[in-house]
Amino acid sequence: MSAVSYQLSEVDCEPAILRHWHARAQADWNPKTTRCRFAGIMARTGLIQDNRFQRHATGPGHPERPERLAAIAEALSERRLDEACTAINASPVDMALVRSLHTPAYLDRLESACRTGLAYIDEPDSAICTESFEIARLGAGAVIGAVDAVMACTIDNAFCAVRPPGHHAEHDRSRGFCLLGNVALAAKHLIDHHRLDRILILDWDVHHGNGTQHLFDADPRVLFISLHGHPDFVYPGSGFATERGIGAGEGFTLNIPMLPGTGDAEYHAAFADKVQPEIQRYAPQFVLISAGFDAHRLDPLAPINLESESFGWMTRTMTEIAARHCDGRLVSVLEGGYHLSALAESVSIHIETLLSA
Ligand SMILES: [Zn+2]
């Protein structure tokens, strides 16, 4: 179901928001008015769920396991959130795009390691199976498909429940469960194909998005903002506040490390004092979220104490930013999150908030 409903009331709107709602309610919009009569319209939220992502097998005891997606699917189905979203099909990413960010040597090594049945690549954390290369291509391609659908205005925003995750993958190697830079590839696609030059990547996974940062740290066309566990205590050991980008990209990386025990209040303060002012200055044309849910207090992999509801207000903040700057264009992509019920509940709240944008 493409869920669009209207509850008429009069509210004042910025012109940018009027244009955004115009795309949803073309027939009812009067271009001469500066007042918008539509409030409470449900967003058309795209959802990518595909059983093929569960075929990336990581072996017994690995936290990044297929059951994560099964838990999400079950929760979305119970709450009928999957029905409220617009299903988007996934297809493999174009290798020319992948080769523009990752080295051909790494891609050859990855493909061959999978084909020959190796258990991992580069480090034991990065477990693979014979199908992992193709599933990784599918995951990255799914995000590109969501971005294209938002750019075509067939949906307003989207959540991509993909695996393997991507934000640790470097240009020439895998790291930390990640094979291809899913969100980074989407940003590159927005630059190359859609000709945008101010893309925001907000990474709230509890681990620093080293791969995404390094792929764009010299490029001002991407503003990378990461909130994560402090690198002195949490993998991967990078993401200090002093890392602000290099060369032409200096000032377009913002790292906000959080000490162990940090919770909702500190995240609120970081959004108010650092994240929102930085984004306001940048005025992004598209918002990408590296949405890990492992900063949850129940997550076994890091010492940060967010609640499931924290992902609701963070999502709301980002949809408001997207509405203000770029007609609501936002695509969110699953990264981490390893406590199954906390993950499922947090993702449900995230999607409910996207739908109410
Ligand atoms: Zn993580």
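Two strands count as paired if DSSP finds at least two bridges between them. Keep that in mind as you click around, and remember that what you have open is a predicted model.

**Stop 1: two paired strands**

Select residues 199-203, strand β6, and residues 222-229, strand β7. These two run in the parallel sense and are joined by five bridges. Want to see who faces whom? Put I199 on screen and you'll find V222 of β7 opposite. Then try I201, whose bridge partner in β7 is F224.

Is β6 enclosed or open? Five of its five residues are buried, so the rest of the structure largely encloses this strand. In a regular strand, side chains alternate between the two faces of the sheet. Check that on β6: I199, I201 and D203 are on one side, L200 and L202 are on the other, and all are buried.

**Stop 2: the whole sheet**

Now zoom out. How many strands form the open sheet? Eight, and you can walk across them in the order β4-β3-β5-β10-β9-β6-β7-β8, with parallel pairing. At the edges sit β4 (86-87) and β8 (253-258), each of which pairs on one side only. What holds strands of a sheet together? Strands pair through backbone hydrogen bonds, either parallel or antiparallel.

Next, select β5 and look at its two neighbours. With β3, β5 makes four bridges in the parallel sense; look for G46, whose partner in β5 is A158. With β10, β5 also pairs in the parallel sense over four bridges, and here N157 stands opposite L330. Turn on the side chains of β5: N157 and F159 point one way, A158 and C160 the other way, and all of them are buried.

**Stop 3: helices lying across the sheet**

Select residues 310-326 to light up helix α10, which lies across β5, β6, β9 and β10. Helix α10 runs at about 160° to β9. Then add residues 340-355, helix α11, lying across β3, β5, β9 and β10 at about 165° to β5.

How do these two helices sit relative to each other? Their axes come within 8 Å and cross at roughly 30°. That makes α10 roughly parallel to α11, and the crossing is right-handed. To see where they touch, show F311, G312, T315, R316 and T319 in α10 together with S346, I349, H350, T353 and L354 in α11. Colour by class and you get three nonpolar, six polar and one charged residues in this contact.

**Stop 4: another partner for α11**

Keep α11 and add helix α2, residues 67-78. The two axes come within 8 Å and cross at roughly 50°, and α2 and α11 are therefore oblique to each other. α2 passes α11 in a right-handed crossing. On the α2 side of the contact, the residues include E67, R68 and A71; on the α11 side, they include L340, S341 and L343. By class, the contact of α2 with α11 has nine nonpolar, two polar and four charged residues.

**Stop 5: a covered helix**

Select residues 182-192, helix α7. Most of this helix is covered, with nine of its eleven residues buried. Among them are V183, L185, K188 and H189.

**Stop 6: a walk through the loops**

First, jump to R52, in the loop between β3 and α2. Because R52 has 13 C-beta neighbours inside 10 Å, it counts as partly exposed. Now measure across to A90: R52 and A90 are 38 residues apart in sequence and 9.6 Å apart in space, C-alpha to C-alpha. Leaving aside neighbours within four places in sequence, R52 is in contact with I135 and L138.

Next, two cis peptide bonds. One joins R163 and P164, with omega about -5°; P164 is in the loop between β5 and α7. The other runs from Y235 to P236, with omega near 5°, and P236 lies in the loop between β7 and β8.

Finish with some backbone angles. C153 isn't a glycine, yet its phi is positive, at about 65°. You'll find C153 in the loop between α6 and β5, partly exposed with 16 other C-beta atoms within 10 Å. A283 is also a residue other than glycine with a positive phi, near 55°. A283 sits in the loop between α9 and β9, and with 13 other C-beta atoms within 10 Å it is partly exposed.

How values were computed
Residues numbered from 1 in each chain as written. Predicted model: local features only at pLDDT ≥ 70, side-chain atom pairs only at ≥ 80, totals over all residues. Contact = placed C-beta atoms within 7 Å. Axes fitted to C-alpha atoms, helices over the stretch in contact; angles between N-to-C directions. Parallel < 35°, antiparallel > 145°, perpendicular 65-115°, else oblique. Left-handed = near helix turned anticlockwise from the far one by under 90°. Nonpolar A, V, L, I, M, F, W, Y, C, P; charged D, E, K, R; others polar. Buried ≥ 20, exposed ≤ 12 C-beta atoms within 10 Å, placed from the backbone.
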